[in-house]
Amino acid sequence: MGHRDEDRETRTDTADGYGGGRAGGRGPGDGGADAAADRDAAADRDAAADRDAVLAPLDDRLDDLVALYEDLHRHPELSFQETRTAAEVARRLSSWGYDVTTEIAGTGVTGVLRNGSGPVVLLRADMDALPVTEGTGLPYASTVPGVMHACGHDVHVSCLLGAADLLAAGRARWSGTLVVLFQPAEESGGGARAMLAAGLYTEGIVPTPDVVLAQHVAPFGAGLIAYCPGACMAAADSLEITFHGSGGHGSRPETTVDPIVMAASFVQRVQSVVAREVAPGERAVVTVGSFQAGDTANVIPDRAVVKLSVRTFDETVRSRVLDAVDRIARAEAEASGAQRPPETVVLDAFPVTFNDARTLRQVNSAFTGLFGEQRLFAYDPASGSEDAGLLATAAGAPLYYWWLGGWDPEAFHTAFAAGRLAQDIPSNHSPRFAPVARPTLTMGVQALTTAALSRLEAR
Ligand SMILES: [Zn+2]
Ligand SMILES: [Zn+2]
């Protein structure tokens, strides 16, 4: 599969190391090295001048962006219900000259800015909030009972709108096609998939991108960016499997096919997948979190329903584990003499979020040029999951997804020094999750804009 080939290529690339420096830079012993060095230096200066010119209006736009962020935070919307947010996004994109499509998979919005020849760069934000009751006490806390932007997707929307504004205003400085995409339902896992199924690329709603870029706000100091090469987030698959038996009286099991025994055998046996079919160095988790069958003691029901969750960090391991789960479910049904094979419904499916090494290196080089090396740090893979990667794999394009610091740096350092990060710095999805707006939005807009410019062509 294309995806795996891509993985292999980028892993080879990772093995080479990524010591920074310009992509396509000179190797030792190149002829005409001095002339090439001069050209590189001149190109760097031009790129920095273009970037600075595009970013220049940010200072003036920041008050408006903070107001937008606080407004979005006050009015959070759950997955696939992001109508108010989507309307605001569409209104702004249209006013800046984007070719806007709305109501993709319900509430998804895209904006396309065709600006001459060059690559197609897609920037992505998610829009949904969570069923969490806000406990921040902020003056702009949620006004919707039981719903909160506790994962910072309001930061993502605000930053992407900020970058879309700057890149449109500064279009004389770059060439190519910019796609900005605001997706519904990242939390429930269906948003990116639903937009793809609605024909995002296949129906030409947006041109197929050459690269997909996205960021997520996280609880470390504002002003920092964290990156993780390769697999940076787990794949997560949730399945519902229905085992079909044949019901009857509890006193006469010989006249039935008992789905409880069938499903119980499955639950036991499926635990052997990680223990016996996954290598010790590979990581996988299989958890059965729900088992439902029957209503009373003396009736054998006609079906049992099992829900399970699978987490993996590698697409090959992922398909092997999912195939094994399916094989065991079918085999247990057959072993029990079931008349019908079990039925499996995919409840949600997040791919492995895989950062392409070359893209990461190129964009990080642009980040370093603007922010300096001390504001970038490498980070371990997270066990959470994301669906941004689907937008890249469906296009056969590389992905770079980085973490954006959103916490008050002083509070973070105090907690770190006291060894109290876990207690004092709320994680994403906490009722106390509260990014500091101004520095977080500033760096988030700068990062998206700089990343996009590094992948677009200069004029
Ligand atoms: Zn989340
Ligand atoms: Zn999130």
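This report describes the domains, a central strand and the nonpolar cores of a predicted model.

## Domains and their contact

The chain is divided into two parts, with domain 1 covering residues 2-26 + 33-233 + 352-458 and domain 2 covering residues 235-349. Taken over C-alpha atoms, the centres of domain 1 and domain 2 are separated by 38 Å. Where the domains touch, 11 residues come from domain 1 and 11 residues from domain 2.

On the domain 1 side of this contact, helix H1 (residues 2-15) gives the most, with three residues. The residues on that side of domain 1 comprise six that are polar, three that are nonpolar and two that are charged.

## Strand S3 and its neighbours

Strand S3, which spans residues 120-126, is mostly covered, and seven of its seven residues are buried. In a regular strand, the side chains alternate between the two faces of the sheet. Both faces of S3 are covered: one side carries Val120, Leu122, Arg124 and Asp126, the other carries Val121, Leu123 and Ala125, and all of these residues are buried. The buried residues of S3 thus include the charged residues Arg124 and Asp126.

S3 pairs in the parallel sense with strand S4 (residues 174-183), over seven bridges, and within S4 the bridge partner of Val120 is Thr177. Between these strands the chain passes from S3 through helix H5 (residues 153-169) to S4, in a β-α-β crossover that is right-handed. S3 also pairs in the parallel sense with strand S5 (residues 211-221), here over four bridges, and the bridge partner of Val121 in S5 is Val211.

## Nonpolar cores

The largest nonpolar core has 94 residues, and those with the most contacts inside it are Leu160, Val212 and Ala452. Because domain 1 and domain 2 both give residues to this core, it lies between them.

Which residues does Leu160 touch, not counting residues up to four places away in sequence? With those close positions in sequence left out, Leu160 touches Leu123, Ala125, Val180, Phe182 and Leu448. Of these partners, Leu123 and Ala125 are also among the buried residues on one side of S3.

Apart from the largest core lies another core, of 25 residues, and its members include Val270, Val273, Ala284 and Ala333.

Key: Residues numbered from 1 in each chain as written. Chains lettered and ligands numbered in written order. Predicted model: local features only at pLDDT ≥ 70, side-chain atom pairs only at ≥ 80, totals over all residues. Buried ≥ 20, exposed ≤ 12 C-beta atoms within 10 Å, placed from the backbone. Helix = DSSP H or I, 4+ residues; strand = E, 2+ residues; numbered from the N terminus. Pairing = 2+ DSSP bridges. Right-handed = clockwise from strand over helix to strand, strands pointing away. Domains from an automatic or database assignment. Contact = placed C-beta atoms within 7 Å. Core = buried A, V, L, I, M, F, W, Y, C linked by C-beta atoms within 7 Å.
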